[in-house]
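Please walk me through this protein chain step by step, beginning with its strands and moving outward to its helices. I would like to see how the parts are placed against one another.

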Amino acid sequence: MSERTSSKNRTLARWGQRSSSAAGSGEPGAPRWRPEEGRLLLTGATGFLGSHLLLDLLEHTAAELTCLSRAASKEAARTALLQRLAWYFPGCELSRYEPRIAVELGDVAAPRLGLSEGVYAELAASHGLILNVAGNVSHAGASEQFFGVNTRGVAELVQLARSGAPKALHHISTTSVIGEFPQGAPLSAFSEARLQEGQSFRDAYDESKYRAEVLLRQAFAEGLAGSVYRVGYVAPHSITGRFQPNIQQNYVSLYVRACTRLGFAPHLPERRIQPTPVDSAARAIITLLTGAGAGGTYYIQTPHTVSHYDIHRVLHAFGYSIRLLSMADFVARAGELSADDEALAAMPGLEPRTVPADSDWSRRELRELGFEYPVPTSAWLARFIRHAIEVGFIQRPPHWELGVPALELAAEGALDERQERGERQAAPEPGALSGAGAQA
Ligand SMILES: NC(=O)c1ccc[n+]([C@@H]2O[C@H](COP(=O)([O-])OP(=O)(O)OC[C@H]3O[C@@H](n4cnc5c(N)ncnc54)[C@H](OP(=O)(O)O)[C@@H]3O)[C@@H](O)[C@H]2O)c1
């Protein structure tokens with residue numbers, strides 16, 4: 001029996017023995033993927049998270065990769081991929097990685113992934129792992145488009161994983177599978193092992209990702225090897241502050257733009273977000289994929305939080321004048337906005353979930369593998385604001401002429417000291433920060 005066959009049999013046995021309550025909590029000794037076991041098929045490589053996963057795989061493993069692309073030709077696919085990498089990672093010498101990257105034209109939403117029979121068989125035979133990052137994340141549009149890519153696309157990849165050589169299927173999911181419990185929550189936290197808890201969903205995106213996890217659990221229970229990574233809010237790069245080119249599809253960036261445009265915002269001193277920089281999300285996923293092996297559901301979510309007030313302090317330092325209003329005053333002013341105004345559109349996405357994720361187990365696994373999430377700093381938030389200004393997403397602040405170094409310096413220390421001491425700032429009064437900052 002070859003090593004790979006016996007490894008597959010161990011996987012089958014493991015999932016066969018697993019009780020449904022244990023599913024998703026991972027197990028020690030799960031088979032690990034090694035690059036020499038076959039090529040890795042990556043979907044969604046041109047996307048925000050996909051580009052960072054691609055670079056992480058190139059930098060930290062010896063994997064040979066095939067990227068599935070919807071481009072019109074292989075040449076166009078390769079060009080689009082390299083251009084996207086060059087945009088995200090200016091200064092990175094990408095040419096040395098090119099020999100390890102192949103492209104194949106396909107569409108996860110199409111039957112047999114839109115591949116010819118020959119190419120399908122070849123991919124099935126020569127790949128040892130599929131990492132599915134493709135997704136429709138636009139949060140608006142016809143439901144069918146979400147289910148086509150986010151659910152049926154996963155079913156197509158399960159078929160591919162079961163064809164030809166043994167291969168594991170690793171899938172990028174979202175914390176949104178937790179859903180909502182409008183009638184009252186039956187549980188206080190949603191651990192990795194939980195999935196079907198009677199939740200409802202805010203939109204078709206959330207539901208399509210949930211349904212994908214349901215079908216993957218079934219496939220894992222039937223013997224398929226693989227893992228699910230439930231990603232939280234993916235934030236700009238931890239060092240450069242670069243964000244996705246489709247920056248307008250993100251609730252937090254929409255919220256920031258709306259605040260700078262309107263000059264007022266709701267005063268939510270206790271509201272906090274958990275922004276996981278995209279490069280750390282990628283590092284965490286590849287650390288688990290290569291170190292923990294197949295066989296778990298993991299949360300990819302920083303434990304560190306940033307409050308709305310922290311964001312406002314940095315915006316203030318840049319010179320934006322944003323009056324923080326009590327909720328009653330905000331609602332009164334918001335009546336002046338049209339229903340489709342982006343300020344209102346961004347608000348639901350920032351609502352906290354009724355049931356939070358319990359990601360302790362995932363973080364422990366990551367810690368054991370030597371990974372820790374970076375602590376967010378005001379310098380990092382400032383680089384994100386600067387990036388959003390430089391790409392023309394938000395208007396320049398009145399003090400732009402002071403120069404970026406002065407503005408970033410003004411933003412320094414807005415939250416670092418408190419973060420480092422692990423403190424939360426006392427809730428300020430409404431109206432705080434209403435004047436323009438940038439006293440440099
Ligand atoms: N960003 C977040 O905050 C976040 C949070 C939680 C989970 N996630 C998950 O992370 C994954 C990636 O998200 P992202 O923010 O990186 O999205 P993104 O930037 O919009 O990228 C989406 C990727 O999917 C590809 N794609 C879309 N439809 C496809 C299809 N039918 N066939 C093949 N490829 C297709 C796109 O290719 P093209 O170049 O052809 O468009 C692109 O490469 C998604 O599964 C999402 O659910 C993201």
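Two strands count as paired if DSSP finds at least two bridges between them. With that in mind, and remembering that this is a predicted model, we can begin with strand β1, which covers residues 39–43. This strand is joined by 5 bridges to strand β4 (residues 127–132), and the two run parallel; within this pairing, Leu-41 stands opposite Ile-130 of β4. Strand β1 is also joined to β2, by 4 bridges and again in parallel, and here Leu-42 has Cys-67 in β2 as its bridge partner. Because 4 of the 5 residues of β1 are buried, the strand is largely enclosed by the rest of the structure.

These pairings belong to a wider arrangement, an open sheet of 7 strands in the order β3-β2-β1-β4-β5-β6-β11, in which the pairing is parallel. Its edges are formed by β3 (101–105) and β11 (297–300), each of which pairs on one side only. If direction is ignored, neighbouring strands of this sheet are turned by 20° against each other on average. Further along the order, strand β5 (residues 168–174) and strand β6 (residues 226–231) run parallel and are joined by 6 bridges, and Arg-230 in β6 is the bridge partner of Ser-173.

Helices lie against this sheet. Helix α3, made of residues 74–88, packs on the sheet by touching β2 (65–69) and β3, and its direction makes about 130° with that of β3. Helix α6, made of residues 204–221, lies across β5 and β6 and runs at about 150° to β5.

The next step is to see how helices meet one another, and α2 is a useful guide. How do α2 and α3 lie with respect to each other? Their axes come within 10 Å and cross at roughly 90°, and angles from 65 to 115 degrees count as roughly perpendicular, so α2 and α3 are described as roughly perpendicular to each other. In this contact, Ser-51, Leu-54 and Leu-55 of α2 meet Arg-84, Leu-85 and Tyr-88 of α3, a group that divides into 4 nonpolar, 1 polar and 1 charged.

Helix α2 (residues 48–60) also meets helix α8 (residues 278–291), where the axes come within 9 Å and cross at roughly 55°. The two helices are therefore oblique to each other, and α2 passes α8 in a right-handed crossing. Among the residues that make this contact are Phe-48, Leu-49, His-52 and Leu-53 of α2, together with Val-278, Ala-281, Ile-285 and Ile-286 of α8. Taken as a whole, the residues of the contact of α2 with α8 divide into 9 nonpolar, 2 polar and 3 charged.

Thr-61 lies in the loop between α2 and β2. Is this residue buried, exposed or partly exposed? Thr-61 has 17 C-beta neighbours inside 10 Å, and therefore counts as partly exposed. Although Thr-61 and Ile-286 are 225 residues apart in sequence, their C-alpha atoms are 9.1 Å apart in space.

Finally, we can step back to the chain as a whole, which has 15 helices and 13 strands. Of its 440 residues, 44% are buried. Among the contacts with a separation of 6 or more, 84% are between residues 24 or more positions apart.

Note on methods. Residues are numbered from 1 along each chain as its sequence is written. This is a predicted model: local features need pLDDT of at least 70, side-chain atom pairs count only at pLDDT 80 or more; totals for chains, interfaces and linings use all residues. Axes are lines fitted to C-alpha atoms, for helices over the stretch in contact, and angles run from 0 to 180 degrees between N-to-C directions. Angles under 35 degrees count as roughly parallel, over 145 as roughly antiparallel, 65 to 115 as roughly perpendicular and the rest as oblique. A crossing is left-handed if the near helix is turned anticlockwise from the far one by less than a right angle, and right-handed if clockwise. Two residues are in contact if their C-beta atoms, placed from the backbone, lie within 7 Å. Ala, Val, Leu, Ile, Met, Phe, Trp, Tyr, Cys and Pro count as nonpolar, Asp, Glu, Lys and Arg as charged, and the others, Gly among them, as polar. A residue is buried if 20 or more other C-beta atoms lie within 10 Å of its own, exposed if 12 or fewer, and partly exposed in between; C-beta atoms are placed from the backbone.
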